[in-house]
Amino acid sequence: MCGIVGYVGTSEATDFLVAGLRRLEYRGYDSSGVVTVDDNELQITKTKGRVDHLAAALKTNPAVGTIGLGHTRWATHGPATDENAHPHVGGDRVLALVHNGVIENFRPIKKRLTELGYTFTSSTDTEVVAQLLAYELEQCELAADQEAEGADRHAVLVQAVQATVAQLRGTYGLAVLFRDWPDALVVARLGSPLVIGIGQGEHFIASDQTPLVGRADQVVFLADHEVAVVTANSIHVVDRDASHVSHDIQLIETEAFQTDLEGYPHYMLKEIFEQPEAIRNAMRGRLDRDSATAVFGGLALTPQQLRSVDRFILTACGTSWHSALVGEYMLEAFTRVPVEVEYASELRYRNPPLSSESLLFAITQSGETIDTLAAMREIKRKGHPVLSICNVVGSTIAREADGGIYLHAGPEIGVASTKAFTSQCVVLAMLALYFGRLRHLSFEAGLRVIDELESLPGLVEQALTTNDDARRIAAKYAGCNNFLYLGRQYNFPTALEGALKLKEISYIHAEGYPAAEMKHGPIALVDEKTPSVFIVPRGGVYDKVIANMEEIKARGGPVIAVVNHGDDHAIDLADDVIQVPAAADFLQPIVTSVPLQLLAYHIAVLRGCDVDKPRNLAKSVTVE
């Protein structure tokens, strides 16, 4: 959610901080701020609104210094105001702190600190952490320890931070700058990602690797319960027992973070049009015609272990949950093994009965979704193997899973997921092929699946030619405030995903349903101002969905239909149509989702919405 950047070195810190915050805008936020130290004084600038507002404020009132922190806040406690923006200070401005996460027990801590004489100027949980750390600093007598050598001072800084975080319940990624020790940043993590970038005579802090590209080639990922002291020339990491930790240094995959718009007006539109290549990348090297199966290098389990799986659990949130629903249809059809799709936010608190041969797949674009991470950890704690389907190399879920599959979709900057959804569906299709071939799927059937998969990028390229149709239909219905999305079988998840895209970026109320469920309640919503979007490609339930369209038309509801080329019957029945190429049933959600993405995009543009950074949303949801 929130974005954190930090710098310590010999250059002006704000140059990196502002640029880094711009690269983190995709995470979602409502305010931003920076702090530096100059002449033993904290210089803080923070504003609600976009990073552009912060940059303008810094031109008027520059923050100078070669050490600093920056932050973009996504509000959890308290509204989006200048006072609630980070950084927050502790004590007599002895430190400044930025935070990603949620502190669940901040109220009793705040009450105790208030009784001790500490005052608060915001309604955030983060300011409580800053004041608590100031208290622990005082207890460690840091303020009076002017004679301590650098190493000793840093050790006491760590002691104060560890004494603070030991009292916190919740999640945090913390970065702290101390007024009287302007040579070091101290960072701590529990459940919220932090990465340290290694430069030449300088180091960087960030919530993910994106701000570090072009500034650092190597990174250190901080693990839960670790605290690090970062100076211009050193990184010292300790665990919760204050024991030194040897940190692994990894290379940044620079090509994975190319974020130029390349002439597109929005990242979302760019990423929609990148889907054919993203699908090719997801399949590259993973289809084996000689064995009529898929090949994965990272599953970390033997074929014998995978062959014995008697139950799949797919857990995810949001769009990834919709791809998991598509995966459920695929896996059950190809493997005849039961599949359960669980919201990660629910699974983490449930205690479902699992057989000893159950296998969990955690599906996530960012690899940092806190609910998915917690659910994965819970199932892993119970002794079950857990695998991930993830897009971000080096992310927490990718590192903590027993094994997994990377999407290789490239960076997805737009908050509303598009190419990650279709890439996840492709990976799940290949998994269904792989597990099917381990069981009863014949060689010939496996080859047919590979043929269908290899034709998919071309089908998606054809689906992208519906852009003009989507724009025309968007102009007709952009003023409507309610939409229904309807599909059956594989295209029921497509309906859910289409409705979610419209809700996310245009702020229109939209709901997805199985088409046959309309008459069990939702049909009461149908009127001339409520369009119904039907996903109705040719297939086994085609006639049933056509009958559902007739029911809507009989009640005066406008119908938008996504149909196969040349489907004259559906074309005559619907008010507006978008024609896409025919695909195998299990690949229809990938093809039919494309015009739904385009429709949502154009409606949002026509309504004047911020397509890439919709209100209230964050790309990487790292708070519960």
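**Chat about two helices, a cavity and Leu500**

Colleague: Which residues are exposed on the other side of H2, away from its buried ones?

Modeller: Those are Lys59 and Thr60. Keep in mind that we're looking at a predicted model.

Colleague: Sure. And which residues of H2 are buried?

Modeller: H2 runs over residues 51-60, and its buried residues are Val51, Leu54, Ala55 and Leu58. They lie on the same side of H2, because the arc they cover around the axis is only 100°.

Colleague: Why would residues three or four places apart point the same way?

Modeller: An α-helix has 3.6 residues a turn, so that spacing brings them round to the same direction.

Colleague: Nice. What covers the buried residues of H2?

Modeller: The cover includes helix H1 (13-23) along with three strands: S2 (31-38), S3 (41-48) and S4 (67-73).

Colleague: Let's jump to H11. How many residues does it have, and how far does it reach?

Modeller: H11 spans residues 370-381, which is 12 residues. From first C-alpha to last it reaches 16 Å, close to the 16 Å expected at 1.5 Å a residue.

Colleague: Which of its residues are buried?

Modeller: For H11, that's Ile370, Asp371, Thr372, Leu373, Ala374, Ala375, Met376 and Ile379. Among the elements covering them are strands S17 (311-316), S19 (358-364) and S20 (386-390), plus helices H10 (344-347) and H12 (396-400).

Colleague: What does Gly383 do just after H11?

Modeller: Gly383 takes a positive phi there, about 95°.

Colleague: New topic: how many cavities of 30 Å³ or more does the structure hold?

Modeller: One. The largest cavity has a volume of about 70 Å³.

Colleague: What lines the largest cavity?

Modeller: The lining is Cys2, Arg73, Trp74, Thr76, His77, His86, His99, Gly101, Thr124, Asp125, Thr126 and Val623. By type, that lining divides into seven polar, three nonpolar and two charged residues.

Colleague: Last one, Leu500. Where does it sit, and is it buried or exposed?

Modeller: Leu500 is in helix H16, residues 491-506. It counts as buried because its relative accessibility is 18%, and the cut-off for buried is under 20%.

Colleague: What is Leu500 in contact with, leaving aside its neighbours within four places in sequence?

Modeller: Gly318, Thr319 and His322.

Colleague: And what separation do the C-alpha atoms of Leu500 and Ala600 have?

Modeller: They're separated by 9.2 Å, although Leu500 and Ala600 are 100 residues apart along the chain.

Key. Residues numbered from 1 in each chain as written. Predicted model: local features only at pLDDT ≥ 70, side-chain atom pairs only at ≥ 80, totals over all residues. Heavy atoms only, no water. 1 Å grid on protein atoms, 1.4 Å probe; cavity = no way out; pocket = protein on both sides within 12 Å on 5 of 7 lines; lining within 4 Å. Points joined across faces, edges and corners; volume = space filled by probe spheres on them. Nonpolar A, V, L, I, M, F, W, Y, C, P; charged D, E, K, R; others polar. Buried < 20%, exposed > 50% of the residue type's maximum accessible area, 1.4 Å probe, protein only. Helix = DSSP H or I, 4+ residues; strand = E, 2+ residues; numbered from the N terminus. Arc of directions from axis to C-beta. Contact = heavy atoms within 4.5 Å. Expected span 1.5 Å × (residues − 1).
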